[in-house]
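Colleague: I would like a close look at one part of this model, the surface that faces a DNA strand, together with whatever is needed to place that surface in the whole. Please take me through it slowly.

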2 protein chains.
Amino acid sequence: MEDEVYPQLHLDNQLCFSVYTLSRLITQAYQPLLRALGLTYPQYLVLLVLWQAEEDKRLPVPVRYLCERLQLDTGTVTPLLKRMETAGLIRRARSAEDERIVQVSLTPAGLALREQAQQVPLDILCRSGVSLEQAQTLRDQLRRLILQWPADGAPPRGPATAPGTPESDPG
Amino acid sequence: MEDEVYPQLHLDNQLCFSVYTLSRLITQAYQPLLRALGLTYPQYLVLLVLWQAEEDKRLPVPVRYLCERLQLDTGTVTPLLKRMETAGLIRRARSAEDERIVQVSLTPAGLALREQAQQVPLDILCRSGVSLEQAQTLRDQLRRLILQWPADGAPPRGPATAPGTPESDPG
DNA sequence: GCTATCTATATTGTGAGCAATATAATTTCA
DNA sequence: TGAAATTATATTGCTCACAATATAGATAGC
């Protein structure tokens with residue numbers, strides 16, 4: 001028998017699994033608060049973008065802008081926006097100048113939700129027991145990692161260290 | 001007019017959005033490699049657990065064990081396992097001693113995939129351009145955060161710092 | 001001006017995630 | 001022992017994600 005061991009394939013050595021698990025944990029933490037506002041987590045993200053655009057007097061915004069900000073494609077965003085329109089949170093309208101474009105804006109109800117959502121991020125922070133410093137540090141670290149992430153189709157780059165046989169390879 | 005500003009609701013100030021985005025980016029990076037093995041990302045995670053159990057001679061394992069390790073409920077895992085059974089990767093069998101339990105084991109095909117998967121984590125690391133140290137540090141940081149995360153239904157805890165009005169609240 | 005190309009959005013189909021509920025087997029304990 | 005509670009898995013219904021494709025409007029070259 002071989003009895004080979006593959007530490008690089010052990011679940012708890014994977015960075016991907018930690019990120020995946022934390023992402024679901026955070027979403028689950030938001031869920032009860034957002035449910036009180038009649039929102040799902042992705043719908044909340046759409047509203048974050050629209051509320052911020054409203055602050056800057058940039059409403060309406062095209063669907064394309066939402067896709068860029070959220071890093072989601074139209075296959076996800078279009079049905080999401082349809083549900084939000086049905087829920088009375090947003091409006092969608094074809095642009096007159098360029099009929100390919102659908103412009104998205106907030107309804108009064110969608111805008112009004114911002115007041116109720118105001119407390120949500122801090123509330124989550126409190127419930128999670130994470131310190132503000134820890135959260136900010138981690139956020140900035142992840143944002144840098146996301147920014148340096150290779151665009152899809154980019155050529156493979158080597159790891160920044162000399163190659164070896166790491167016992168626990170956090171792929 | 002009010003012209004109020006809500007920095008705590010700005011998308012890029014949210015820790016949740018960074019985690020969510022990175023999680024999807026990583027999954028997308030795995031996708032082409034796993035596709036070559038005929039796997040989806042969650043199916044790969046199931047195999048990681050089963051391969052490790054095989055190393056320890058603990059196969060078969062109950063569905064409950066997979067749910068615990070992956071932090072997923074049966075509503076996700078049961079159909080996932082059914083698809084993997086159909087694909088010939090695993091076997092599912094009711095336990096004789098306790099007929100509530102379904103024991104999951106690897107088929108030869110499912111076990112054999114481990115050889116091909118061996119290179120995947122390091123391959124992802126290379127493509128991502130992240131250094132091994134950076135990945136390990138981040139992984140350990142996230143694991144600590146996940147471990148300290150409150151169980152569902154736990155009472156709200158305050159943030160570890162004095163309350164104030166943080167400009168950018170990473171909820 | 002006409003066709004090829006490009007751009008913006010929508011649609012289809014599959015596979016997660018997850019809440020809520022259902023079903024059936026086991027255990028508890030009065 | 002026998003009903004109530006518990007445990008393990010499955011099912012249903014809804015909402016993402018995302019690849020692949022479709023559609024229609026705008027733009028570029030010739």
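Modeller: I begin with how the two protein chains are related: a turn of 180 degrees and a shift of 0.0 Å along the axis lay chain B on chain A with an RMSD of 0.0 Å, where copies are superposed by least squares on the C-alpha atoms of residues with pLDDT of at least 70 in both. This is the relation of a two-fold axis. Both copies use the same surface, in that 99% of the contact residues of chain B recur in chain A, contact meaning heavy atoms within 4.5 Å.

Some conventions belong here: this is a predicted model, in which local features need pLDDT of at least 70 and side-chain atom pairs count only at pLDDT 80 or more, while totals for chains, interfaces and linings use all residues. Residues are numbered from 1 along each chain as its sequence is written, chains are lettered from A and ligands numbered from 1 in the order in which they are written, and side-chain values use heavy atoms, with hydrogens and water left out.

Now to the DNA. There are 29 residues around DNA strand D, and those that come nearest are R83(A), Y20(B), Q28(B), R64(B) and K82(B); a residue is near a molecule or strand if one of its heavy atoms lies within 4 Å of it. Of the atoms of DNA strand D that come within 4 Å of the protein, 76% belong to sugar and phosphate. The residues of this surface comprise 13 charged, eight polar and eight nonpolar, where Asp, Glu, Lys and Arg count as charged, Ala, Val, Leu, Ile, Met, Phe, Trp, Tyr, Cys and Pro as nonpolar, and the others, Gly among them, as polar.

Three atom pairs show how different parts of the strand are met. R83(A) has a polar side-chain atom 2.6 Å from a sugar or linking oxygen of DNA strand D, and R64(B) has a backbone N or O atom 2.7 Å from a phosphate oxygen of DNA strand D. At a base, a backbone N or O atom of G75(A) lies 3.2 Å from a nitrogen of DNA strand D. Two or more residues of this surface come from each of α2 (41–55) and α4 (74–86) of chain A, and likewise from each of α1 (15–35), α3 (63–70), α4 (74–86) and β2 (90–94) of chain B; helices (H or I, at least four residues) and strands (E, at least two) are DSSP runs, numbered from the N terminus.

The strand β2 of chain B deserves a further word. In chain B, three strands form an open antiparallel sheet in the order β1-β3-β2, two strands being paired if DSSP finds at least two bridges between them. Because β1 and β2 of chain B each have a single partner strand, they stand at the edges, and one side of each is left without a neighbour in the sheet. Five bridges join β2(B) to the antiparallel strand β3 (residues 102–106) of chain B, and R91(B) is placed opposite S105(B) in β3(B).

Finally, in the loop between α3 and α4 of chain B lies Q71(B), whose phi is near 60 degrees, a positive value in a residue other than glycine. Q71(B) counts as partly exposed because its relative accessibility is 43%, where buried means under 20% relative accessible area, exposed over 50%, and partly exposed in between (1.4 Å probe, protein chains only).

How values were computed:
Polar contact = N/O pair within 3.5 Å; in protein donor to acceptor, adjacent residues only side chain to side chain.
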